[in-house]
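Open the model in your viewer and keep the selection box at hand. We will go stop by stop.

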Amino acid sequence: MEKGRGEIVVAVIDGLGGGLGAEIVSRLRSALPRQVEIIALGTNAIATERMLKARANRGASGENAIRVTVQSADFIVGPIGIVIPNSMLGEITPEIAQTVVAAPGVKLLLPVEQSHLQIMGIEPKSLGEHIESAIDEIVRQARLSPPVSQA
């Protein structure tokens, strides 16, 4: 998966208030080289705006934006709810969930609790530790070098 400058694309999907997505974007931006493009995909404008403020390169909101953009992402990061139809208070439509699952990129899903779903066998870690594990996996699979300096 080694690519030239600007060719690695990480899509971050979130909804509701966008807090988790903003934290993911912020940590990705700090940990990954600048040439990695981070795209904020919100199920609503508030989530997208928060991820853009966390320094995503660009962003879009809504079902169609998510369905189109994930097709070109090398990595898709978000809470596990992005692949569960009608989750996140109904913001994840069946079409979004199906498109994310079928997208060609690597899906890195964070085990955020869902009231009707328990994931067994997940190592108990903080959400921050799970985000760091996702970042480590992107670096490993994309064969990226850590940023030289992000001052």
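Start with T99. At 11% relative accessibility, T99 counts as buried, because the cut-off for buried is under 20%. The residue sits in helix α4. Show its side chain together with that of R67: the two make a polar contact at 3.4 Å. Now look at what else surrounds T99. Setting aside neighbours within four places in sequence, T99 is in contact with R67, V70 and Q71.

**Colour by confidence**

This is a predicted model, so check the confidence before going on. The mean pLDDT of the chain is 90, and 90% of the residues reach 70 or more. Residues 1-5 are another matter: their pLDDT is below 50. Beyond near neighbours in sequence, that stretch still has 11 contacts in the model. Where pLDDT is low, the predicted coordinates should not be read in detail.

**The sheet**

Switch to cartoon view. Which order do the strands take in the open sheet? Reading across, it is β3-β2-β1-β4-β5, 5 strands with parallel pairing. Find the edges next. β3 (58-61) and β5 stand there, each with a single partner strand, so one side of each has no neighbour in the sheet. Turn the view to see the twist: on average, neighbouring strands are turned by 20° against each other, direction ignored.

**β4 and β5**

Select residues 75-79 for β4 and 106-110 for β5. These strands run parallel and are joined by 5 bridges. Two residue pairs are worth labelling. G78 has L109 as its bridge partner in β5. F75 is partnered by V106 in β5.

Follow the chain from β4 to β5. The path goes through helix α4, residues 94-102, and this β-α-β crossover is right-handed. That is the helix that holds T99.

Add helix α5, residues 127-142. This helix packs on the sheet and touches β1 (9-14), β4 and β5. The direction of α5 makes about 170° with that of β5.

**β2, inside the sheet**

Select residues 37-42, strand β2. How many of the residues of β2 are buried? The count is 6 of 6. Look at the strand from both faces. In a regular strand the side chains alternate between the two faces of the sheet. Here E37, I39 and L41 are on one side, and I38, A40 and G42 are on the other; all are buried.

Now trace the neighbours of β2. On one flank, 6 bridges join β1 to β2, and the two run parallel. V9 pairs with E37 of β2. The chain travels from β1 to β2 through helix α1 (residues 19-31), in a right-handed β-α-β crossover. β2 is also joined to β3, by 4 bridges, and again the strands run parallel. Here L41 has A60 as its bridge partner in β3.

Zoom in on I39. At 3% relative accessibility, I39 counts as buried. Leaving out neighbours within four places in sequence, I39 is in contact with V9, V10, A11, V12, R58 and T69. Then draw a distance line from I39 to I76. They are 37 residues apart in sequence, and their C-alpha atoms are 9.5 Å apart in space.

**α2 and T48**

Stay with β2 and β3, and add the helix α2. Together, β2, α2 and β3 make a right-handed β-α-β unit. Select T48, which lies in α2 (residues 45-53). Is T48 buried or exposed? At 5% relative accessibility, T48 counts as buried.

Show the T48 side chain as sticks. It reaches the backbone oxygen of A60 at 3.1 Å. A60 is the residue that pairs with L41. With neighbours within four places in sequence set aside, T48 is in contact with A40, L41, G42, G59, A60 and S61. Of these, A40, L41 and G42 belong to the buried residues of β2.

**Last stop: a loop**

Move to G121, in the loop between β5 and α5. G121 is exposed, with a relative accessible area of 81%. Draw one more distance line, from G121 to S145. These residues are 24 apart along the chain, and their C-alpha atoms are separated by 31 Å.

Key. Residues are numbered from 1 along each chain as its sequence is written. This is a predicted model: local features need pLDDT of at least 70, side-chain atom pairs count only at pLDDT 80 or more; totals for chains, interfaces and linings use all residues. Side-chain values use heavy atoms; hydrogens and water are left out. Buried means under 20% relative accessible area, exposed over 50%, partly exposed in between (1.4 Å probe, protein chains only). A polar contact is a pair of N or O atoms within 3.5 Å; within protein, one must be able to donate a hydrogen and the other to accept it, and residues adjacent in sequence count only if both atoms are side-chain atoms. Contact means heavy atoms within 4.5 Å. pLDDT is the predictor's confidence in each residue, from 0 to 100. Two strands pair if DSSP finds at least two bridges between them. A crossover is right-handed if, with the strands pointing away from the viewer, the path from the first strand over the helix to the second runs clockwise. Axes are lines fitted to C-alpha atoms, for helices over the stretch in contact, and angles run from 0 to 180 degrees between N-to-C directions.
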